[in-house]
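Here is a brief report on one protein model. It covers the sheet, the helices that cross the sheet, and the empty spaces.

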Amino acid sequence: MLVVHHLESSRSQRVLWLLEELGVPYDVKQYAHNKKTMLAPPDLRAVHPLGKSPVITDGDTTVAESGAIVEFLIERYGDGSFVPVAGTPERRRYTYWMHYAEGSAMPPLLLKLIFMRMAKGPAPFFVRPLVRSIANKVMSTFVDPQLALHASYIDTELAKSEWFAGKEITGADIQMSFPLEVLCSRGNLGESVPHISALVRKIHARPAYQRALARGGPYKL
Ligand SMILES: N[C@@H](CCC(=O)N[C@@H](CS)C(=O)NCC(=O)O)C(=O)O
């Protein structure tokens, strides 16, 4: 049986969603964040040396890195679905968004999380005002403008087609779902990104997404 090593409220939610879309049976092994460090528990390192989630085991194959997992599952179980035909413009868009999700969209979102925690988190009282002011300055001068730039770019691209790679849902939408959800919860974007908001609503309404949520447990970003 395929096993998803699933860290609560994390990127692995999209792997559960893909498995539900593909109708592949799977088991979920649940892991919780360390409340203080927010890191995954050390037992995940027994599955993969980096100890990050998602990671899956399918028979004697272990696959880590969400984009690699999405591609592996589509190749092994997709029967031609969830990936556009090779050599087409849709396939190039698919490849682009598959890489963009972790390579370009996630870094500023991660910075936002770190600096938000710095601005609000505990610090010795004599340096607290300084720490907060540095964190707020980095957010306002670098992180927030970068997020706005990415959000506006993604929104403009989404205005051109129903899904990221064209008319059909593909692995690129699965892979992009996590940065979009984080952007919606962390990006302070309000009504400025109607196409992103509409796509996230459309994703959340899919029965397979709902089943994945029920399997994965709490999902708070
Ligand atoms: N680029 C990797 C990122 C993996 C990653 O950082 N996962 C986070 C969860 S969203 C994690 O495991 N965090 C806990 C830790 O680093 O210990 C992927 O897409 O799989």
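## Sheet, helices and spaces

Helix α7 (residues 207-216) lies across β1 and β2, and runs at about 50° to β2. The model is a predicted one.

A second helix also crosses the sheet strands. Helix α2 lies across β1 (2-7), β3 and β4, at about 135° to β4.

The sheet itself is open and has 4 strands, in the order β2-β1-β3-β4. Its pairing is mixed. Which strands stand at the edges? They are β2 (26-31) and β4 (61-64). Each has a single partner strand, so one side of each is left without a neighbour in the sheet. On average, neighbouring strands are turned by 20° against each other, direction ignored.

Strand β3 (residues 55-58) pairs with β4 in the antiparallel sense, over 4 bridges. T57 has T62 of β4 as its bridge partner.

Helix α2 (residues 66-77) also packs against helix α3 (residues 89-120). The angle is about 145°, and the axes are 9 Å apart. From α2, the contact uses S66, G67, V70, E71 and I74. From α3, Y94, M98 and E102 take part. By class, the residues of this contact are 4 nonpolar, 2 polar and 2 charged.

Two spaces can be set side by side.

| Space | Volume | Largest share of lining | Lining classes |
|---|---|---|---|
| Largest pocket | about 1100 Å³ | α3, 7 residues | 17 nonpolar, 9 polar, 10 charged |
| Largest cavity | about 40 Å³ | α4, 3 residues | 6 nonpolar, 1 polar, no charged |

The largest pocket has a volume of about 1100 Å³. It is lined by 36 residues. Closest to the pocket centre are L7, S10, R11, H33 and M38. The elements that give two or more residues to this lining are α3 and α5 (171-186).

How many cavities of 30 Å³ or more are there? The count comes to 1. Which residues line the largest cavity? They are A105, L109, L147, H150, I154, P179 and L183. Helices α3, α4 (128-158) and α5 each supply at least two residues of that lining. The lining of the largest cavity holds no charged residues, whereas 10 charged residues line the largest pocket.

Helix α3 thus recurs in this account. It packs with α2, gives the largest share of the pocket lining and supplies at least two residues of the cavity lining.

Methods
Residues numbered from 1 in each chain as written. Predicted model: local features only at pLDDT ≥ 70, side-chain atom pairs only at ≥ 80, totals over all residues. Heavy atoms only, no water. Axes fitted to C-alpha atoms, helices over the stretch in contact; angles between N-to-C directions. Contact = heavy atoms within 4.5 Å. Nonpolar A, V, L, I, M, F, W, Y, C, P; charged D, E, K, R; others polar. 1 Å grid on protein atoms, 1.4 Å probe; cavity = no way out; pocket = protein on both sides within 12 Å on 5 of 7 lines; lining within 4 Å. Points joined across faces, edges and corners; volume = space filled by probe spheres on them. Pairing = 2+ DSSP bridges.
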